[in-house]
Each structure stands twice: as structure tokens, then as C-alpha cells.
Amino acid sequence: MAVPALAARSLVKRYGAVQALAGLDLDVPAGGVFGLLGPNGAGKSTLLRIAIDLVRPSAGTVALFGAPPSPAVLRRVGSFIEAPRFHAYLSAREALIHVALVGGLRRFDPDPLLDRVGLTDAADRRVDTFSLGMKQRLGIAAALVGTPDLIILDEPTNGMDPAGISEIRTLVRTLADVDGVTVLLSSHLLDEVQRICDRVAILDHGRLVATGTIGDLLATRARLRISATPAAAVLATLGERGQRDGDAVLADIARSEAPALIAALVAAGVAIEEARWEGANLESLFFQQTGGGR
Ligand SMILES: Nc1ncnc2c1ncn2[C@@H]1O[C@H](COP(=O)(O)OP(=O)(O)OP(=O)(O)O)[C@@H](O)[C@H]1O
């Protein structure tokens with residue numbers, strides 16, 4: 001397997017009595033958009049902070065492109081973890097030049113980046129006149145200053161309106177699809193994550209509870225909803241793999257098992273009114289895995 005963009009192994013972080021990460025193992029493959037999900041306090045921000053060496057783990061390791069987060073490897077990583085604090089009196093263009101100077105970049109042209117995040121028209125405006133969405137976009141531009149291979153975004157759409165969220169979605173997808181940047185982001189917005197990410201990991205209580213491509217995760221959770229009379233006969237046939245849901249029964253079976261199940265029910269004299277696959281969505285998976293928070 002190619003070297004992952006980020007690999008956490010037995011990662012533990014304790015803040016006094018609070019265990020933020022409790023032995024986390026996680027691979028974020030290089031390429032694509034990876035979403036970190038989890039209820040409040042699950043440890044998402046802690047993981048991202050450890051990845052960029054803002055926080056020291058109590059135990060375990062994290063590697064970026066196969067190496068510990070040294071200054072050299074961190075040059076390949078851009079991040080937007082806290083709301084960026086730009087000097088209010090700077091223009092957007094000056095703010096990016098400032099970021100580049102602090103990062104030791106001598107030759108730097110901010111204009112392509114401003115164009116990238118849709119801020120060309122606002123390039124000379126003072127940052128303190130920016131809307132929240134514009135500030136977030138400038139923050140992402142700042143994370144892109146060093147042309148990183150991996151960009152880490154903690155709640156990039158926090159507090160944004162639907163139009164702003166849609167802009168960030170387009171930007172993130174373009175970064176991954178056109179520029180080949182690996183994007184690792186955390187979010188509370190499950191439907192957004194489902195739309196934007198290729199893969200996700202769900203954390204809970206500092207541990208990994210599920211990870212994979214969204215397609216795979218959801219496919220394994222799809223269930224067959226069977227409306228039939230008598231429903232009890234369906235439940236009896238399914239045993240532990242059947243669950244009552246109102247008048248219907250939800251069958252936790254593989255797609256390939258459906259024809260035989262339906263044939264068996266018909267042979268047993270069950271009248272089937274309807275049988276349809278009910279695709280799980282990320283939200284149902286999330287609640288199933290985490291209990292929805294605390
Ligand atoms: N600097 C700190 N000092 C003490 N406790 C901390 C600190 N940072 C985080 N924690 C605690 O560690 C746990 C994990 O926090 P973390 O911010 O990593 O979770 P999160 O998944 O990002 O949550 P949220 O979705 O609310 O941002 C929480 O219980 C939090 O209160």
C-alpha cells in the first residue's frame with residue numbers, strides 16, 4: 001500500500017484526567033478528501049493538533065507521509081485549525097504575503113491563491129471588513145501558501161451559511177481532484193461530509209469506531225425493508241437479522257441473499273406487499289456507531 005498521508009498508531013492523549021485519545025489507530029491515504037467525524041469531545045481536534053505538532057501525544061505515534069511531524073515534513077502540510085487571526089488592517093493580499101514571509105517563502109505571488117478561493121475582487125480590501133465566509137476562504141488560502149501535499153482543516157465550514165458552505169465544498173473538491181492535494185477535514189455536518197468526502201473515519205471517546213469509503217460504509221449498512229403479512233413470519237425467518245420497524249421488518253442481509261429470502265417467504269405463504277433496499281446515510285451510521293454524542 002502507498003504510504004498514507006497520515007498514520008496514527010496507538011495514539012493516546014491525556015489532559016489531566018480527560019482522555020482525549022484512547023489508543024487511536026488510523027490511516028488517511030494520500031489523495032482524496034478524508035472526513036473526521038465524531039461527537040463533541042471525540043478527539044478530532046486533538047488528533048489534528050498532534051498531526052501538526054501543536055500538541056504532544058501522551059503515547060503512540062503519528063506519521064505524515066511516513067515520517068514523524070518534523071519541520072521538514074510539516075512543510076508539506078498546510079493547516080487551518082483555529083480561526084485564522086489576520087492583522088485587521090492588512091488587505092487579503094498583504095495577509096497572504098505576511099503568511100508567506102513568516103513561512104520563509106521569498107518568492108510568492110498571492111494572486112493565484114486569491115483567485116483560487118474566489119477572493120480576487122476583495123484582494124485589496126481590509127480583512128476586518130470580510131464576512132465570516134471570506135475569512136474562512138482566506139484561511140484556506142493561507143493554508144495553501146506553501147503548496148502543501150496535505151491540507152488539514154478543522155471545521156472549515158463552521159458558522160458559514162449554505163452559500164459559503166457550497167463554495168468551500170467546491171474549493172475542497174478542486175484541491176483534491178485538480179491539484180492532487182490530500183484534504184483531511186473534521187466536521188459536524190454529516191450531510192456535507194457525505195457530499196464532499198471520499199473516505200471518513202468516525203471517532204468516539206478517542207477511538208476509531210468506523211472507517212472506509214463512504215460507499216463501502218453505507219453499503220454494508222443498507223437493509224431490506226419488508227412489508228409483509230404476517231410480519232411475525234418474516235421475523236421468524238430472519239431470526240437475529242430481522243428487526244421490527246412499525247408495520248415493516250428491516251432485514252440485515254447481503255444483497256445477494258434477498259432473492260432466496262423472498263422466495264422462502266413466498267413459499268411459506270407470506271404475502272409480501274413491498275420489499276426495498278433502504279440505503280443508510282451517514283447520519284444513521286453515525287448515530288448507530290456513536291449513540292449520537294453525550
Ligand atoms: N487543552 C485542553 N485541556 C484540557 N482538556 C482538553 C484540551 N483540549 C481538549 N480537551 C478535552 O479533550 C477531549 C477531546 O477534545 P477534542 O477537542 O479533541 O474533541 P473534538 O472531537 O474535536 O470535539 P468538538 O467536536 O467539540 O470540537 C474533550 O473532552 C476536551 O474537553
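The questions and answers below concern a predicted model of a protein with a bound ligand.

Reader: How many helices and strands are there in the protein, and what does its C-alpha trace span?
Author: The C-alpha trace spans about 80 × 45 × 35 Å along its principal axes. The secondary structure consists of 11 helices and 13 strands.

Reader: What separates the centres of domain 1 and domain 2?
Author: The domain assignment places domain 1 at 6–217 and domain 2 at 223–278. Taken over C-alpha atoms, the separation of the two centres is 44 Å.

Reader: What share of the contacts in the protein with a separation of 6 or more comes from residues 24 or more positions apart?
Author: Contacts here are pairs whose C-beta atoms lie within 7 Å. Among those with a separation of 6 or more, the share from residues 24 or more positions apart is 68%.

Reader: Which element supplies the largest share of the shell around the ligand?
Author: The residues around the ligand include Tyr15, Val18, Ala20, Lys44, Ser45 and Thr46. Two elements, β2 (18–28) and α1 (44–51), each supply at least two residues of this shell. The largest share is three residues, and the element that supplies it is α1.

Reader: How many residues of the shell around the ligand are nonpolar, polar and charged?
Author: Gly38, Asn40, Gly41 and Gly43 are among the residues around the ligand, and Gly is counted as polar. Lys is counted as charged, and Lys44 is also in the shell. By class, the shell has four nonpolar, six polar and one charged residues.

Reader: Why is strand β8 largely enclosed by the rest of the structure?
Author: In the protein, buried residues make up 35% of the 294 residues. On one side of β8, Arg199, Ala201 and Leu203 are buried, and on the other Val200, Ile202 and Asp204 are buried, which leaves both faces covered. Strand β8 (residues 199–204) is largely enclosed because the number of its six residues that are buried is six.

Reader: Which residue stands opposite Arg199 in β8?
Author: Strand β3 (residues 33–37) runs parallel to β8, and four bridges join the two. The residue opposite Arg199 is Phe34.

Reader: Which residue in the hairpin of β8 and β9 takes a positive phi?
Author: Strand β9 (residues 207–213) runs antiparallel to β8, with six bridges between them. Leu203 stands opposite Leu208 in β9. The hairpin has two residues between the strands, and the residue with a positive phi near 50° is His205.

How values were computed:
Residues are numbered from 1 along each chain as its sequence is written. This is a predicted model: local features need pLDDT of at least 70, side-chain atom pairs count only at pLDDT 80 or more; totals for chains, interfaces and linings use all residues. Domain bounds come from an automatic or database domain assignment. A residue is near a molecule or strand if its C-beta atom, placed from the backbone, lies within 6 Å of it. A residue is buried if 20 or more other C-beta atoms lie within 10 Å of its own, exposed if 12 or fewer, and partly exposed in between; C-beta atoms are placed from the backbone. Two residues are in contact if their C-beta atoms, placed from the backbone, lie within 7 Å. Two strands pair if DSSP finds at least two bridges between them.
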